[in-house]
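Please load the model in your viewer and switch to a cartoon representation. The stops below are meant to be followed in order.

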Amino acid sequence: AGEAAFMETREMDEGQAPKIVAINRGQSSDEAPSPDALPEWVCGNEFLRRGRVHRPILIGGPNGDEDGAILREKSKLVLGGSSKMGKTWLMLDLAMAVACGGKWLGHFQCAESRVLYVNLELHEDTAGSRGGWVGKERGYLVGNSLNGYKFKEDRHAANFNAWHLRGHCYELVTMLETSRMRFAGGEKPFKLIVLDPIYKTYSGRDENSATEMASLMLSLEDFANDYGAAIAFAAHFSKGNQAGKEAMDRISGSGVMARDPDAIITFTPHEQEEHHVMEATLREFAPIPATVFRWDAPIAVPCIQMDPTKLRQPGKAAISKAEERAEAVRKVLDGNGGGPMRSHDLIEAAVKKSGEQADQRTIENWRRSMKNRPKALADMNIEILPAGNGQDPLWQVKEQSPATAAKDPF
């Protein structure tokens, strides 16, 4: 079910008018400000004293410390990427890593904390299916897609909280005020709030307006300061190739979206198919090197040895291994008399012959790369027979017609 959700993403039309629930914030903007509305100024020694103790690290480096860290509590993180590159999956991975004290992206050690995943776009069953697939791959869950998943630890299940608001509310102020009221009633605050996706909260705001985006960021900042919650959200890249731009300038809309957050993480296509370069622009930590990540559905895996400077250039197709993989598959089919063979068994045999480890993700990567480039299979004269009732498809060498065979000197 998780794979089906990934392969057949159903997203709401961005043009659909959101259902907005209004709420009275108490003081209108044209009222005279209270003398206590803003913080008091502090003297020099107090200014220095407050710099002695930093806020706790929420997303640390590989060892959980400041070396390679990304985010502290009460801070904001934006993850930028191209359309359909998998941002929702990456944000689910982040939410689960924090809830379980795991490593985000298999690299950044997170402090175990309470998380609220605000789902504004997916149906509840799709979101749960994706979460189950991600959590299983990361080792946080037990069970299977047929009988259902559960968190291995009860405290991790209590740490992870989802708020399904699709079709109910997209107004950010309402969400934050509702959360405040629930906290006042005894609900324990969160240390991370993931908004997925952020554009659903615009409620008529123009993403190209610096004023309107600054207002949005101020609402998030206000909440983070009140309750100590870090805020994470994803934003899409502007149209066109991004290789020639600075990492923080690739995000669409006003520059506020790319400059206000404390951590800006971008995933830009690498020249190698299904690989992205992660770059981080950080306000509170030392720079970290750009790193290549391979998309192994439903998670991203670091490829430290790959060159992160090899961004995909304008007009250039991604370098694919589909052709050599199709050739390896054809050799296995020839050894079987031309087929047919079940897709999984066939590709597993080809992977083993190539010397790669035949785990489930590698087999899926091979299958997906060839299906995404059907010419590679056609050049090897391989056809995929339709399979019904959820069965694994059959692959075989396509039979040549008598006329074609007569012209073929081989």
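The tour goes from the whole chain to one sheet, then to a strand pair and two helices.

Start with everything selected. This is a predicted model of a protein with 410 residues, 46% of which count as buried. The protein has 13 helices and 18 strands. About 21,200 Å² is exposed, and carbon and sulfur atoms supply 50% of that area. Of the contacts between residues at least 6 apart in sequence, 64% join residues at least 24 apart.

Next, select the strands of the open sheet. Nine of them line up as β9-β6-β10-β11-β3-β12-β13-β14-β15, with mixed pairing. Which strands stand at the edges? They are β9, residues 160-164, and β15, residues 299-303; each has a single partner strand, so one side of each lacks a neighbour in the sheet. From one strand to the next, the twist averages 25°.

Now narrow the selection to residues 263-269 and 275-282, which are β12 and β13. These two strands run antiparallel and are joined by seven bridges. To pick out one bridge, select Thr 266: its partner in β13 is Glu 279.

Then add the helices, beginning with residues 210-227. This is helix α7, which packs on the sheet and touches β3 (76-81), β10 and β11 (230-236). The direction of α7 makes about 155° with that of β11.

Finish with residues 172-184, helix α6. Helix α6 lies across β6 (115-119), β9 and β10 (192-196). Against the edge strand β9, helix α6 runs at about 135°.

Note on methods: Residues are numbered from 1 along each chain as its sequence is written. This is a predicted model: local features need pLDDT of at least 70, side-chain atom pairs count only at pLDDT 80 or more; totals for chains, interfaces and linings use all residues. Side-chain values use heavy atoms; hydrogens and water are left out. Two strands pair if DSSP finds at least two bridges between them. Helices (H or I, at least four residues) and strands (E, at least two) are DSSP runs, numbered from the N terminus. Axes are lines fitted to C-alpha atoms, for helices over the stretch in contact, and angles run from 0 to 180 degrees between N-to-C directions. Contact means heavy atoms within 4.5 Å. Buried means under 20% relative accessible area, exposed over 50%, partly exposed in between (1.4 Å probe, protein chains only). Accessible areas come from the Shrake-Rupley method with a 1.4 Å probe; for residues, only the protein chains shown count as cover.
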